[in-house]
Amino acid sequence: MSVIKVALLGFGTVGEGVYSAIQSHQAQLRKLLGKEVRIVAILIRDQTKERMIDANILVTTNFEDIIEIPDLDVIFEAIVGEEPGRSYLLQAIEKGIHVVTANKEMFANHGHELIQRAQENEVNIGFEATTAGGVPIIRTIKQLLQVNQITKIQGILNGTSNFILTEMRERKLSFADALQLAQNKGYAEADPTNDISGIDAFYKLMILSQLVINQQPNWSEVIIDGIKSITQEQIEQAEKRGQRFKHIAEISFNDHSLVASVQPIIVDSNHPLYSIEGVENAIAVEASLVGKITLQGPGAGKFATASAMIEDFVDIIQHSATKKRREYQSIK
Ligand SMILES: NC(=O)c1ccc[n+]([C@@H]2O[C@H](COP(=O)([O-])OP(=O)(O)OC[C@H]3O[C@@H](n4cnc5c(N)ncnc54)[C@H](OP(=O)(O)O)[C@@H]3O)[C@@H](O)[C@H]2O)c1
């Protein structure tokens, strides 16, 4: 049986999730794709960490070792920060390797460039995992855009913020205690700045904007506010009025302007995001024909994020197989 050769960049929460998911779903993948999916290499930063990786897989700190592998089909990128992720993916694309990324900071900053280069080099780029983890919002929007015009998106795009707000309301915790609990449960990073300042949700909103209209608002004009200043008392007052604080990333696509914000908003019980609790993410999309749709699900985590990446991978392999078949038929 022929083989699809893949490499992973990063073996942290997400990279390890992709590794396990490929191993545990090998039979399903083989049935879908007609080939064995073989992980041939993994890029990491720290050689001294102990990892459970098959001995026949190359584990390296040198990207050159990976990019030089003959006939590599797909690279999964799950490292952190704008660089070196951007440069690695550009090199992969130039070599005709398909890429799948979970790296939202990198993709919010460089997604446009990567998509363009991927088109020029006739490879595909999957980025479902960058936004709302396991929630299939990217493919839903792509599907809607075939006919609908999307007019507005509102989302709870950061599970840590939503968890903190939920705990502050339900268990009357202070912000500091709720944050500590989020860290203890492994929801918040050791440095939770991007989560609680709204930056993480902002990156995801910019990725959605790029997807919907191939453009992002001027970043300096987007209001970005986190949840740090919300007090337990304010939450209690809102609750007495039947309202809740939600941290909402929002963008409206008007004819001539893009209006975007990321901030805590008080919502009534009839708001589509009112009942989204804990670490869940949700995105409410308004579109010209379909009206309002809300998608909800796990916005982060090892397997939810791996699921989004594997779905992208399957799409890419199936799409390129169809393309090759069409090319072959047109030559005949
Ligand atoms: N965690 C989630 O639920 C989630 C959800 C959606 C998207 N994401 C995105 O997915 C990416 C990975 O997140 P994560 O939670 O898996 O992070 P993580 O647990 O910190 O793992 C990062 C991995 O990348 C490796 N790495 C970092 N910098 C590197 C470099 N310069 N060269 C080579 N390897 C490098 C690290 O190597 P070492 O192991 O050697 O340190 C580690 O294996 C991030 O961009 C994140 O924003 C995460």
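Which side chain makes a polar contact with the side chain of threonine 166?

## Threonine 166 and its surroundings

The partner is the side chain of glutamate 277, at a distance of 3.4 Å. This distance, like every other value in this report, comes from a predicted model. Threonine 166 is part of helix 7, which spans residues 159-170. Its side chain has a second polar partner: one of its polar atoms lies 3.0 Å from the backbone nitrogen of glycine 278.

Threonine 166 counts as buried because its relative accessibility is 3%, and buried means under 20%. Leaving aside residues up to four places away in sequence, threonine 166 touches Arg171, Lys246, Glu277 and Gly278.

## Salt bridges around helix 7

Helix 7 also takes part in a salt bridge. Arginine 169 pairs with glutamate 239, and their closest N and O atoms are 3.4 Å apart. This pair joins distant parts of the chain, since arginine 169 belongs to helix 7 and glutamate 239 to helix 11 (residues 232-240), 70 residues apart. The two partners can be described by their accessibility: arginine 169 is buried, with a relative accessible area of 7%, whereas glutamate 239 is partly exposed, with 34%.

The pair belongs to a network of salt bridges that links Arg169, Glu170, Glu239, Arg244, Lys246 and Glu277. Two members of this network, Lys246 and Glu277, are among the residues that threonine 166 touches.

## Other salt bridges

How many salt bridges does the structure hold? There are 18. One of them is formed by lysine 302 and glutamate 16, whose closest N and O atoms are 3.8 Å apart. Lysine 302 is in helix 12 and glutamate 16 is in helix 1 (residues 13-24), so the pair links distant parts of the chain, 286 residues apart. Both residues are partly exposed: lysine 302 has a relative accessible area of 29%, and glutamate 16 has a relative accessibility of 30%.

Arginine 86 and glutamate 113 form another salt bridge through their side chains, with 2.8 Å from N to O. Here arginine 86 lies in helix 4 and glutamate 113 in helix 5 (residues 104-120), and the two are 27 residues apart in distant parts of the chain. Arginine 86 is partly exposed, with a relative accessible area of 21%. Glutamate 113 is also partly exposed, at 21%.

## Threonine 305 in helix 12

Helix 12 covers residues 302-331 and includes threonine 305. Is threonine 305 buried or exposed? It counts as buried because its relative accessibility is 7%, and the limit for buried is under 20%.

The side chain of threonine 305 reaches the backbone oxygen of glycine 301 at 2.6 Å. Apart from residues up to four places away in sequence, threonine 305 touches Val14, Ala102, Ala129, Gly133 and Ala300. Threonine 130 is 175 residues away from threonine 305 along the chain, yet their C-alpha atoms are separated by 8.4 Å.

## An annotated region and a surface patch

An unreviewed UniProt entry carries the annotation "domain: Homoserine dehydrogenase catalytic" for residues 136-314. Over residues 136-314 the chain is 41% helix and 25% strand. The C-alpha atoms at the two ends of this stretch are 14 Å apart.

Val147, Leu289 and Val290 make a nonpolar surface patch of about 310 Å². Valine 147 is in the loop between helix 6 (137-145) and strand 7 (150-156). With a relative accessibility of 63%, valine 147 counts as exposed, because exposed means over 50%.

## Backbone details in loops

Three loops contain backbone features worth listing. The peptide bond from glutamate 83 to proline 84 is cis, with omega near 10°. Proline 84 lies in the loop between strand 4 (74-77) and helix 4 (85-94).

Alanine 132 has a positive phi, near 65°, although it is not a glycine. This residue is in the loop between strand 6 (125-126) and helix 6, and it counts as buried at 0% relative accessibility. Lysine 172 also has a positive phi, near 55°, in a residue other than glycine. Lysine 172 is found in the loop between helix 7 and helix 8 (175-184). At 46% relative accessibility, lysine 172 counts as partly exposed.

Conventions
Residues numbered from 1 in each chain as written. Predicted model: local features only at pLDDT ≥ 70, side-chain atom pairs only at ≥ 80, totals over all residues. Heavy atoms only, no water. Helix = DSSP H or I, 4+ residues; strand = E, 2+ residues; numbered from the N terminus. Buried < 20%, exposed > 50% of the residue type's maximum accessible area, 1.4 Å probe, protein only. Contact = heavy atoms within 4.5 Å. Polar contact = N/O pair within 3.5 Å; in protein donor to acceptor, adjacent residues only side chain to side chain. UniProt positions renumbered as here; feature names shortened; annotations may be inferred. Patch = residues over 30% accessible without salt bridge, like charges linked within 9 Å, V, L, I, M, F, W, Y side chains within 5 Å. Areas by Shrake-Rupley, 256 points an atom, 1.4 Å probe, with all protein chains shown as cover. Salt bridge = Lys/Arg side-chain N within 4 Å of Asp/Glu carboxyl O.
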